[in-house]
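User: I'd like to go through the labels on this one and ask what stands behind them. Can you take me through it?

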Amino acid sequence: MTHTPIRNTTWDELQIGASARIERSCTTEDLVLFAHASGNLNPLMLPGDDDSDAIAPSLWVGSLVSAVLGNLLPGPGTLYLAQNFRFGARVRPGDRLVVDVRCAEKREKPVALFDVRVTKTDGSIACEGVAEVAAPLESIISRREELPAIIFDRHDHFSRLIDRAAGLNPLRTAVVCPDEQNSLAGAVLAAERGLIEPLLIGSRAKILDVAAASGVAVDESWIINAANAYDACHRAVELTQRGEARAIMKGNVHSDEILGAIVKKDAGLRTARRISHVFAMDAPTLDRLLFISDAAVNIAPDLSVKVDIVQNAIDLANACGVEAPKVGVLSAVETVNVAIPSTLDAAILSKMAERGQIKGGVVDGPLAMDNAVDIGAARTKGITSFVAGRADILVAPNIEAGNMLAKELTFVARAEAAGLVLGAKVPVMLTSRADNDRARLASSALAALYDHWRETGAAVPATQSLPAAAE
């Protein structure tokens with residue numbers, strides 16, 4: 001996407017007293033990028049546990065002056081010759097800065113001097129001094145192009161989910177077979193953060209042995225002894241049936257075993273809705289969470305199953321504070337083609353949502369992956385849609401496509417993943433032994449937020465809502 005053409009001010013046109021300004025906020029990403037570019041690894045200037053404690057390097061603050069001189073006044077064609085700056089108030093992530101330049105003197109052609117001041121919104125001066133430049137001698141009209149995207153290996157969407165869920169009462173959770181280090185540590189960590197109140201169902205001896213070997217502090221009152229994995233799965237279901245637990249977390253047990261107990265006809269947790277799995281993906285290139293379904297449960301869903309898959313995903317997005325999430329139903333192409341059944345399903349799902357048969361979100365399809373998430377791709381293909389390029393939820397045509405999509409985002413795009421199985425009477429966390437602590441916490445947060453949403457009909461309020469897709 002191009003911007004409005006920019007015309008510079010030549011040395012002959014430059015007037016004493018001419019001025020320009022920009023406003024800019026300091027972010028943690030600015031500090032990380034500057035550290036990479038400069039090689040300055042001063043720990044005072046790098047984000048840590050509390051990003052707001054970091055101090056922006058003074059030369060980063062000074063570099064903002066070049067943005068005004070090079071872009072606005074004198075503009076394109078300007079060359080920096082010298083600067084004399086004094087730095088005052090320290091700048092930290094979150095600070096909003098106003099950068100002012102004013103032409104103070106014209107010397108022998110093409111030299112010009114500019115008074116410079118960088119001010120924080122509280123009025124304190126972060127930088128002031130003089131910049132000497134060679135102003136352009138010829139008029140230049142330029143179109144400022146968008147810079148290539150930079151992917152930072154830093155995420156904050158999950159942090160907001162976790163913080164939001166931590167304000168709720170802990171969700172009593174049946175943890176099935178937490179008898180290896182990762183699954184036990186994940187459950188205990190979620191308990192320490194106030195997200196869950198764990199009931200550890202499995203071999204008491206194994207759980208205590210793992211706790212001792214890994215240094216994890218376990219309250220023995222949490223443990224419910226079970227003879228084997230089959231017994232543990234069914235004990236978890238019984239606890240939720242009796243209302244003694246409100247969620248289930250998978251430990252060191254196969255997913256098939258725990259899901260089999262949940263969908264058992266006579267004693268399970270089935271509802272009228274088909275169960276499905278929803279991934280919540282925190283991708284570094286997106287300004288919002290991306291929900292993907294179904295990548296773990298339904299192998300080749302037909303239209304009726306896809307209706308439940310879509311509704312489950314919308315419900316989870318609603319629970320996470322996304323109002324009217326935009327659902328892109330994926331296929332290989334973005335046009336209806338009778339030779340590709342998934343395009344027919346997508347078109348029908350879109351119409352069903354229009355008629356109120358799917359509620360809480362906006363559904364459109366078929367959409368290919370590119371035009372579902374990239375508005376430029378959607379425009380290039382002439383797609384007019386409220387969802388195209390802005391999707392919050394992606395619905396895959398089958399389990400292979402969904403699983404590959406989620407894993408590509410995780411291992412190629414460096415996204416973080418959490419998820420839930422929905423459609424049963426309680427949310428189910430299918431955590432993997434490969435999941436890190438952050439993924440386990442995020443899955444626990446999803447379960448707590450979803451449980452609250454089901455009970456109250458409203459998402460947990462937050463001081464800063466999760467970002468929606470750009471219009």
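Analyst: Sure, terms come up as we go: buried means under 20% relative accessible area, exposed over 50%, and partly exposed in between, with a 1.4 Å probe and protein chains only. This is a predicted model, where local features need pLDDT of at least 70, side-chain atom pairs count only at pLDDT 80 or more, and totals for chains, interfaces and linings use all residues. Residues are numbered from 1 along each chain as its sequence is written, and side-chain values use heavy atoms, without hydrogens or water.

User: What makes E17 a strand, and why is E17 called mostly covered?

Analyst: Strands are DSSP runs of E with at least two residues, helices are runs of H or I with at least four, and both are numbered from the N terminus. E17 covers residues 416–422, and seven of its seven residues fall under the 20% cut-off, so "mostly covered" fits.

User: Which residues point which way from E17?

Analyst: Glu416, Ala418, Leu420 and Leu422 point one way, Ala417, Gly419 and Val421 the other, and all are buried. In a regular strand the side chains alternate between the two faces of the sheet.

User: How do you know that E12 and E17 pair?

Analyst: Pairing takes at least two DSSP bridges between two strands. Seven bridges join E12 (residues 276–282) to E17, so the two count as paired, and they run antiparallel. One of the bridges links Ser276 to Leu422 in E17.

User: And what does the whole chain look like?

Analyst: The chain has 13 helices and 18 strands, and 49% of its 471 residues count as buried. Its C-alpha trace spans about 90 × 60 × 35 Å along the principal axes.
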